[in-house]
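Here are my notes on the model, point by point. Please keep the structure open while you read.

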Amino acid sequence: MLKVTRSVAALALAMSAVAGTAQAEYPEKPVEFVVPWPPGDLEDVLTRMIAEDFSETYGVPTAVVNKPGGGGGPFPGAIEVANAPADGYTVGSFIIAIPVVGPQIGIPELNPDPFTPLGNFLTYPFVIAASGDAPYDDMAGLAAHAQDNDVVLGHFGAPLVPTQVTFGLAKDMGFSFASDAAFDALDCNTLASGDVDVINTTLQLILPCLDDVTVLASIGSERIPLTPDTPTVAELAPDLNVALWNGLFVHADTPQDVQDKIIAVAEKTMMSEQAQQLAADTGAAVYWQPAAEVVAQITQDIATMARIEGMLAE
């Protein structure tokens, strides 16, 4: 009888241990933040701030993993997040293209959209730029030059939002690029090399040579504080008004209490003095946009991109 009692007690303790493990409070192990682009740009810098604050807040290790996709797809970093367990231990730091374009370009893991937004935290100061010695200094000049000269565009990927907007603006202004090419990085060296004539990229990547670059237009509805005299694409062609944002996403089945813990840290990070100083230094908008507003933003952006697609097909 004593052996039976001891066996029952041991079984109860074992079951209790298993139950305790199953109900362990999140987070109890390392958390990975996946950035589907090379390191160094604003989304990477801000994601690293979030990861550091997350580690300090919850006492678990974090890692930021960069998984670039070779010029616009097929978004291996996003696919990794889509295939990860819905437990909050793999968090995506995604640009607008992943929820807006990803489901439309034949990537099974991204269609239907497997993610839920936690919140947006960045709007890029994205620009269309040329070398400072180019024979044009605005989009009208580029349009005139392109009538009789071949102009090559460098971009991050043809299906991506800024590239489609740039193609749309060219068509609206009556010209087209002679050719285009995708790059993982578009910076001062890209223009200096002469490989392309015009690039669309984030202002962050050309800040070191801004005095030697001509910014022709910025993509979005608000002028960039660091280039206040440069018009926006929305000013030049109102139907092409798309803001280029970045946010945090997890698998759609991730428990809400887990989502809330990530959100609490990220929102606080964006309001920090360090993050706001980065915004001032780079011309970016750094903020926290709640998940419900992000869902509405994605719906609006999908409609805008469909309109641009129709425009380019004409």
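1. Start at one residue pair. F126 stands opposite I219 in strand 9. Keep in mind that this is a predicted model. Strand 5 takes in residues 126-131, and strand 9 runs over 213-219. Strands 5 and 9 pair in the antiparallel sense, with six bridges between them.

2. Now look at the pairing of strand 5 with strand 8. Strand 8 covers residues 198-202, and its pairing with strand 5 is also antiparallel, over five bridges. Two pairs help to find the register. V127 stands opposite T201 of strand 8. I128 faces N200, again in strand 8.

3. How covered is strand 5? Mostly: five of its six residues are buried. The cut-off behind that word is a relative accessible area under 20%.

4. Step back to the sheet. Five strands form an open sheet in the order 7-6-8-5-9, and the pairing is mixed. Which strands stand at the edges? They are strand 7 (179-182) and strand 9 (213-219). Each has a single partner strand, so one side of each lacks a neighbour in the sheet. From one strand to the next, the twist averages 25°.

5. Stay with strand 9 for S218. This serine is found in that strand. Is S218 buried or exposed? Its relative accessibility is 1%, so S218 counts as buried, given a cut-off of 20%. Which residues does S218 touch? Leaving out residues up to four places away in sequence, its contacts are F126, V127, R223, I224, T230, P231, T232 and V233. F126 and V127 are already familiar from strand 5: F126 stands opposite I219, and V127 stands opposite T201.

6. R223, one of the residues S218 touches, has a charged partner. The side chains of R223 and E235 meet in a salt bridge, 2.8 Å from N to O. E235 lies in helix 9 (residues 233-236), and R223 is in the loop between strand 9 and helix 9, so the pair ties together parts 12 residues apart in sequence. Both ends are partly exposed: E235 has 42% relative accessibility, and R223 has 38%.

7. How many disulfides does the structure hold? There is one. C188 is joined to C209, with the sulfurs 2.0 Å apart. The link is left-handed, with -100° about the S-S bond. C188 lies in helix 7 (residues 188-192), whereas C209 sits in the loop between helix 8 (203-206) and strand 9, so the bond ties together parts 21 residues apart in sequence. C188 counts as buried at 18% relative accessibility. C209 is buried too, at 12%.

8. The structure holds four salt bridges. One of them spans a long stretch of sequence: E25 pairs with K261, and their closest N and O atoms are 2.8 Å apart. Why does this pair tie together parts that are 236 residues apart in sequence? E25 is in the loop between helix 1 (2-22) and strand 1 (31-35), while K261 is in helix 10 (residues 256-270). E25 counts as exposed, with 61% relative accessibility.

9. Another salt bridge stays inside one helix. D44 pairs with R48, with the closest N and O atoms 3.0 Å apart. The two are four residues apart in helix 2, so about one helical turn separates them. Their surroundings are not alike: D44 is buried at 3% relative accessibility, whereas R48 is partly exposed at 36%.

10. Finish with helix 2 itself. This helix covers residues 42-58, 17 residues in total. From first C-alpha to last, helix 2 reaches 24 Å, close to the 24 Å expected at 1.5 Å a residue. Which residues of helix 2 are buried? They are L42, E43, D44, L46, T47, M49, I50, A51 and F54. D44 in that list is the partner of R48 in the salt bridge. After helix 2 comes G59, with a positive phi near 70°.

Conventions: Residues are numbered from 1 along each chain as its sequence is written. This is a predicted model: local features need pLDDT of at least 70, side-chain atom pairs count only at pLDDT 80 or more; totals for chains, interfaces and linings use all residues. Side-chain values use heavy atoms; hydrogens and water are left out. Two strands pair if DSSP finds at least two bridges between them. Axes are lines fitted to C-alpha atoms, for helices over the stretch in contact, and angles run from 0 to 180 degrees between N-to-C directions. The expected span of a helix is 1.5 Å times one less than its number of residues. Buried means under 20% relative accessible area, exposed over 50%, partly exposed in between (1.4 Å probe, protein chains only). Contact means heavy atoms within 4.5 Å. A disulfide is a pair of cysteine sulfur atoms within 2.5 Å.
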